[in-house]
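Colleague: I should like to examine the terms used for this model and ask what each of them rests on. Please set each value against its criterion.

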Amino acid sequence: MPSESNAGLVAGLTALFAASGETVTYRRDSTEIEVTAVLGESKSSGMDRNGQRVTFRTRDYLVAVEDMVMSSAAIRPKSGDRIIQTVNGIETQWHVMDGMSGGDCFRYVDDATRTVFRIHTQEK
C-alpha cells in the first residue's frame with residue numbers, strides 16, 4: 001500500500017502532466033512512439049580543453065514509465081535514442097545522453113514508486 005506522501009507525489013505528478021504535458025515523439029532506431037512529456041531545461045558550465053568556460057544547454061523530459069512501450073515491450077531510455085519535438089511547425093531533435101557527470105541517461109523522479117522517468121537530452 002503506498003504511503004500517504006507517495007500518494008501525494010503521484011497525484012501531484014498526474015496534475016503536472018495534465019496541466020503542462022505536451023506530445024512528443026520518442027524514437028529508437030526506426031521505431032517511434034508518441035508520449036506525453038513535461039519539459040525542463042538546465043544550463044551548466046565547465047571548462048574545455050583550452051581552459052575556456054563553456055556553457056551547456058540540456059533539456060530533461062519527464063515521461064510516465066507506463067507510456068514507454070515499443071512493440072508491446074516496456075523500455076527504459078537508452079543513450080542515443082531521440083526525442084522529437086515540434087514547435088510552431090519546426091521539428092527539433094534532442095538526443096538522449098548520459099548525465100554530465102557520467103551518470104545514466106535517466107533517473108526516476110519518484111524513487112519510491114518509479115512511475116516517471118526524467119530523461120536527460122541535448123539538442124543535436
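Modeller: The model is a predicted one. I begin with Asp60 and Arg118, which form a salt bridge with their closest N and O atoms 2.6 Å apart.

Colleague: Why is the pair of Asp60 and Arg118 called a salt bridge?

Modeller: The criterion is a side-chain nitrogen of Lys or Arg within 4 Å of a carboxyl oxygen of Asp or Glu. The closest N and O atoms of Asp60 and Arg118 are 2.6 Å apart, so the pair meets the limit of 4 Å. Asp60 belongs to strand β3 and Arg118 to strand β9, so this salt bridge ties together parts 58 residues apart in sequence.

Colleague: What makes Asp60 buried or exposed?

Modeller: Asp60 has a relative accessibility of 9%, and buried means under 20%; Asp60 therefore counts as buried. Its partner Arg118 has a relative accessible area of 25% and is partly exposed, because that class lies between 20% and 50%.

Colleague: How many salt bridges does the structure hold, and what does Asp81 pair with?

Modeller: The structure holds 4 salt bridges. In one of them Asp81 pairs with Arg28, the closest N and O atoms being 2.7 Å apart. Asp81 sits in the loop between β5 (73-74) and β6 (82-87), while Arg28 is in strand β1, so the pair connects parts that are 53 residues apart in sequence.

Colleague: How do you know whether Asp81 and Arg28 are buried or exposed?

Modeller: The relative accessible area of Asp81 is 2% and that of Arg28 is 15%. The limit for buried is under 20%, so Asp81 is buried and Arg28 is buried as well.

Colleague: Which residue forms a salt bridge with Glu41?

Modeller: Glu41 forms a salt bridge with Arg59, with 2.9 Å between the closest N and O atoms. This pair links distant parts of the chain, Glu41 in strand β2 and Arg59 in strand β3, 18 residues apart. Glu41 is partly exposed at 43%, whereas Arg59 is buried at 13%.

Colleague: What else does Arg59 touch, and what joins its side chain to that of Tyr61?

Modeller: Leaving aside residues up to four places away in sequence, Arg59 touches Leu39, Gly40, Glu41, Gln85, Trp94, Ile119, His120 and Thr121. The side chains of Arg59 and Tyr61 are joined by a polar contact of 3.5 Å.

Colleague: Why is the aromatic pair of Phe106 and Phe117 called edge-to-face?

Modeller: The structure holds 3 aromatic pairs. In the pair of Phe106 and Phe117 the ring centres are 5.0 Å apart and the planes stand at 85 degrees. Rings pair if their centres lie within 6.5 Å, and planes over 60 degrees apart count as edge-to-face; the pair is therefore edge-to-face. Phe106 lies in strand β8 (residues 106-108) and Phe117 in strand β9 (residues 116-123), and the two are 11 residues apart. Together with Tyr108 they form one aromatic cluster. Phe106 is buried at 10%, and Phe117 is buried at 1%.

Colleague: Which residues of the largest nonpolar core touch the most other members?

Modeller: The core has 18 residues, and those touching the most other members are Tyr26, Tyr61, Val63, Met68 and Ile119. The elements giving two or more residues to this core are β1 (22-28), β2 (31-47), β3, β7 (90-96), β8 and β9. Strand β2 gives the most, with 3 residues. Another core, of 5 residues, lies apart from this one; among its members are Leu13, Val38, Leu62 and Val116.

Colleague: What makes Asp29 exposed, and where does Asp29 lie?

Modeller: Asp29 has a relative accessibility of 65%, and exposed means over 50%; Asp29 therefore counts as exposed. Asp29 is placed in the loop between β1 and β2, and its phi is near 55 degrees, a positive value in a residue other than glycine.

Colleague: Why is Arg114 called partly exposed?

Modeller: The relative accessible area of Arg114 is 46%, and partly exposed lies between 20% and 50%, so Arg114 falls into that class. Arg114 lies in the loop between β8 and β9. Its phi is near 50 degrees, again a positive value in a residue other than glycine.

How values were computed
Residues numbered from 1 in each chain as written. Predicted model: local features only at pLDDT ≥ 70, side-chain atom pairs only at ≥ 80, totals over all residues. Heavy atoms only, no water. Polar contact = N/O pair within 3.5 Å; in protein donor to acceptor, adjacent residues only side chain to side chain. Contact = heavy atoms within 4.5 Å. Phe/Tyr/Trp six-rings, centres within 6.5 Å; stacked < 30°, edge-to-face > 60°. Helix = DSSP H or I, 4+ residues; strand = E, 2+ residues; numbered from the N terminus. Buried < 20%, exposed > 50% of the residue type's maximum accessible area, 1.4 Å probe, protein only. Core = buried A, V, L, I, M, F, W, Y, C linked by side-chain atoms within 4.5 Å.
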